[in-house]
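The following exercises concern the sequence and the three-dimensional model shown below. Each task is followed by a solution that proceeds step by step.

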Amino acid sequence: ILLVKRTDEGGRRTPIFDKYRASLRFSDTDALNDFIFTLDKDSMLEGGQEYEIRCVAVKPNLVNKFIKKGMEFEVLEGKKIIAEGKVKEIESPPLA
C-alpha cells in the first residue's frame, strides 16, 4: 500500500507512471534499494492518493532476505521523500 505525497507535502509535481524506477528505504535499514513500479495499463499515481501497487526489486537477491510483510518504507527521489508505504504481500520470483 502506497501513499503518494501531495506537492505541498514535498511530493512530485508530476504523476508516477508504469515502469517508474524508485529508490526505497525500508524501516529496518538505511540502505536504499531500487524497485520498478508495475502499474495497470494507462494507470498513474497522483499525489494525495493511496494505491495498491506491485513493485519488483532490481536486485532481488539483495533485498529478499530482509523484506517482511508489514514493513514500512519510504520512496525517495534524491533526498526527498515522495511517498510512504507498507508491504502488504511478498511474492516469490519464479524458479528458472
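**Exercise 1.** Determine how β4 and β7 pair, and place both strands in their sheet.

Step 1. Four bridges connect β4 with β7, and the pairing is antiparallel. Strands here are DSSP runs of E with at least two residues, helices are runs of H or I with at least four, and both are numbered from the N terminus; two strands pair if DSSP finds at least two bridges between them. The model is predicted, so local features need pLDDT of at least 70 and side-chain atom pairs count only at pLDDT 80 or more, whereas totals for chains, interfaces and linings use all residues. Residues are numbered from 1 along each chain as its sequence is written, and side-chain values use heavy atoms, with hydrogens and water left out.

Step 2. Within this pairing, isoleucine 36 has valine 56 of β7 as its bridge partner.

Step 3. On β3 (residues 21-26), five bridges lead to β4, again antiparallel. Arginine 25 faces leucine 32 of β4, and five residues separate the two strands of this hairpin.

Step 4. The whole open sheet has seven strands in the order β6-β1-β9-β8-β3-β4-β7, with antiparallel pairing. Its edges are β6 (50-51) and β7 (54-57), each of which pairs on one side only.

Step 5. Between β8 (residues 72-77) and β9 (residues 80-86) there are six antiparallel bridges; valine 75 is matched with alanine 83 in β9.

**Exercise 2.** Which side chains of strand β4 are buried, and which are not?

Step 1. Recall the general pattern: side chains of a regular strand alternate between the two faces of the sheet.

Step 2. In β4 (residues 32-38), Asn33, Phe35 and Phe37 point to one face and are buried (buried is under 20% relative accessible area, exposed over 50%, partly exposed in between, with a 1.4 Å probe and protein chains only). Leu32, Asp34, Ile36 and Thr38 point to the other face and are not buried.

**Exercise 3.** Describe the largest nonpolar core and the surroundings of leucine 45.

Step 1. A nonpolar core is a set of buried Ala, Val, Leu, Ile, Met, Phe, Trp, Tyr and Cys residues joined through side-chain atoms within 4.5 Å. The largest one has 21 residues, and Leu2, Leu24, Phe26, Phe37, Leu45 and Val75 have the most contacts inside it.

Step 2. Two or more residues each come from β1 (2-4), β3, β4, β8 and β9. The greatest contribution, three residues, is that of β3.

Step 3. Leaving aside residues up to four places away in sequence, leucine 45 touches Leu2, Val4, Pro15, Ile16, Phe37, Leu39, Tyr51 and Ile53 (contact means heavy atoms within 4.5 Å).

**Exercise 4.** Classify the ring pair of tyrosine 20 and phenylalanine 37, and then that of phenylalanine 26 and phenylalanine 73.

Step 1. Rings of Phe, Tyr and Trp (its six-membered ring) pair if their centres lie within 6.5 Å; planes under 30 degrees apart count as stacked, over 60 as edge-to-face and the rest as tilted. The model has four such pairs.

Step 2. For tyrosine 20 and phenylalanine 37 the centres are 5.5 Å apart and the planes stand at 65°, so this pair is edge-to-face. Tyrosine 20 lies in the loop between β2 and β3 and phenylalanine 37 in β4, 17 residues apart; both are buried.

Step 3. For phenylalanine 26 and phenylalanine 73 the values are 5.7 Å and 50°, so this pair is tilted. Phenylalanine 26 belongs to β3 and phenylalanine 73 to β8, 47 residues apart.

Step 4. Phe26, Phe35, Phe66 and Phe73 form one aromatic cluster.

**Exercise 5.** Contrast the charged side chains of arginine 21 and lysine 5.

Step 1. A salt bridge is a side-chain nitrogen of Lys or Arg within 4 Å of a carboxyl oxygen of Asp or Glu. The count is seven.

Step 2. Arginine 21 forms one with aspartate 34, with the closest N and O atoms 3.1 Å apart. Arginine 21 lies in β3 and aspartate 34 in β4, so the pair ties together parts 13 residues apart in sequence.

Step 3. Lysine 5, in the loop between β1 and β2, is buried yet has no salt bridge. The nearest side chain of opposite charge, glutamate 84, is 4.2 Å away (Lys and Arg count as positive, Asp and Glu as negative; His and the chain ends are not counted).
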